[in-house]
Amino acid sequence: MPHSPEDKKRAITRLRRIKGQAEALERAIEAGTDCAPLLQQIVAMRGATNGLMAEVMESHLKETFGPSSKADGSHEADSYDNDMEGVMKILRTYLK
């Protein structure tokens, strides 16, 4: 779960965007919209959901596997940041 105020705000913003997309999709289905635009909206919702999942997962991984000390400028912290960025790049690619 996002713990910092900025992370929480970003997650809530994403959730509200997803909620708006779901409501628009519901209205489109009720209106009898063709399949192609519906599929496009569904793909957009899936992308938004995957983006939220990536952010929450990154927060969880940092909390769980982060360096025990946050020494500024330490080699360990730099190595951790590089490793974490590599893992998140792979996960984001997978979640697309």
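**Entry 1. Terms and model**

I take a residue as buried when its relative accessible area is under 20%, as exposed when that area is over 50%, and as partly exposed in between. I note that the model under study is predicted.

I applied the accessibility classes to the loop between α1 and α2, where Thr-33 lies. Thr-33 has a relative accessibility of 31%, so I enter this residue as partly exposed. I then listed the contacts of Thr-33, leaving aside neighbours within four places in sequence, and found Ala-28 and Leu-38.

**Entry 2. The chain as a whole**

I looked up the secondary structure and found three helices and zero strands in the chain. Read from the N terminus on, the elements run α-α-α. The chain has 96 residues, and buried residues make up 22% of them. I also took the contacts between residues at least 6 apart in sequence; of these, 57% join residues at least 24 apart.

**Entry 3. Helices α1 and α2**

I next asked at what angle the axes of α1 and α2 cross. Helix α1 covers residues 5–30 and helix α2 covers residues 35–65; their axes come within 10 Å and cross at roughly 165°. Angles over 145 degrees count as roughly antiparallel, and α1 and α2 are therefore roughly antiparallel to each other. I record the crossing of α1 past α2 as left-handed.

I then listed the residues that meet between the two helices. On the α1 side they include Ala-11, Leu-15, Ile-18, Leu-25 and Ile-29. On the α2 side they include Leu-38, Ile-42, Met-45, Ala-48 and Leu-52. By class, the residues of this contact divide into 14 nonpolar, four polar and three charged. Among those taking part are Arg-10 and Arg-14 from α1 and Glu-55 from α2; I return to them in Entry 5.

**Entry 4. Gln-21**

I chose Gln-21, which is found in helix α1, as one residue of the α1 and α2 contact. Its relative accessible area is 21%, and I enter Gln-21 as partly exposed. Which residues does Gln-21 touch, leaving aside its neighbours within four places in sequence? I found Ala-44, Met-45 and Ala-48. For the pair Gln-21 and Ala-44, which are 23 residues apart along the chain, I note a C-alpha separation of 8.0 Å.

**Entry 5. Salt bridges around Arg-10**

I searched for salt bridges and found four in the structure. As background, side chains of opposite charge can pair when their charged atoms come close.

I began with Arg-10 and Asp-7, which form a salt bridge with their closest N and O atoms 2.5 Å apart. Both belong to helix α1, and because they are three residues apart there, about one helical turn separates them. Arg-10 is partly exposed at a relative accessible area of 40%, and Asp-7 is partly exposed at 24%.

Arg-10 also meets Glu-55 in a salt bridge, at 3.5 Å from N to O. This pair links distant parts of the chain, with Glu-55 in helix α2 and Arg-10 in helix α1, 45 residues apart. Glu-55 has a relative accessibility of 22% and counts as partly exposed.

**Entry 6. Glu-58 and Lys-62**

I turned to the salt bridge of Glu-58 with Lys-62, in which the closest N and O atoms are 3.4 Å apart. Is Glu-58 buried or partly exposed? Its relative accessibility is 16%; the cut-off for buried is under 20%, so I enter Glu-58 as buried. Lys-62, at 42%, counts as partly exposed. The two residues are four apart in helix α2, and therefore about one helical turn separates them.

In the same search I noted that salt bridges with shared partners join Asp-7, Arg-10, Arg-14 and Glu-55 into one network.

I then looked at what else surrounds Glu-58 in helix α2. Not counting residues up to four places away in sequence, Glu-58 touches Met-88 and Arg-92. I also took the C-alpha atoms of Glu-58 and Met-84, which are 26 residues apart along the chain, and found them separated by 8.2 Å.

Definitions and conventions: Residues are numbered from 1 along each chain as its sequence is written. This is a predicted model: local features need pLDDT of at least 70, side-chain atom pairs count only at pLDDT 80 or more; totals for chains, interfaces and linings use all residues. Side-chain values use heavy atoms; hydrogens and water are left out. Axes are lines fitted to C-alpha atoms, for helices over the stretch in contact, and angles run from 0 to 180 degrees between N-to-C directions. Angles under 35 degrees count as roughly parallel, over 145 as roughly antiparallel, 65 to 115 as roughly perpendicular and the rest as oblique. A crossing is left-handed if the near helix is turned anticlockwise from the far one by less than a right angle, and right-handed if clockwise. Contact means heavy atoms within 4.5 Å. Ala, Val, Leu, Ile, Met, Phe, Trp, Tyr, Cys and Pro count as nonpolar, Asp, Glu, Lys and Arg as charged, and the others, Gly among them, as polar. A salt bridge is a side-chain nitrogen of Lys or Arg within 4 Å of a carboxyl oxygen of Asp or Glu. Buried means under 20% relative accessible area, exposed over 50%, partly exposed in between (1.4 Å probe, protein chains only).
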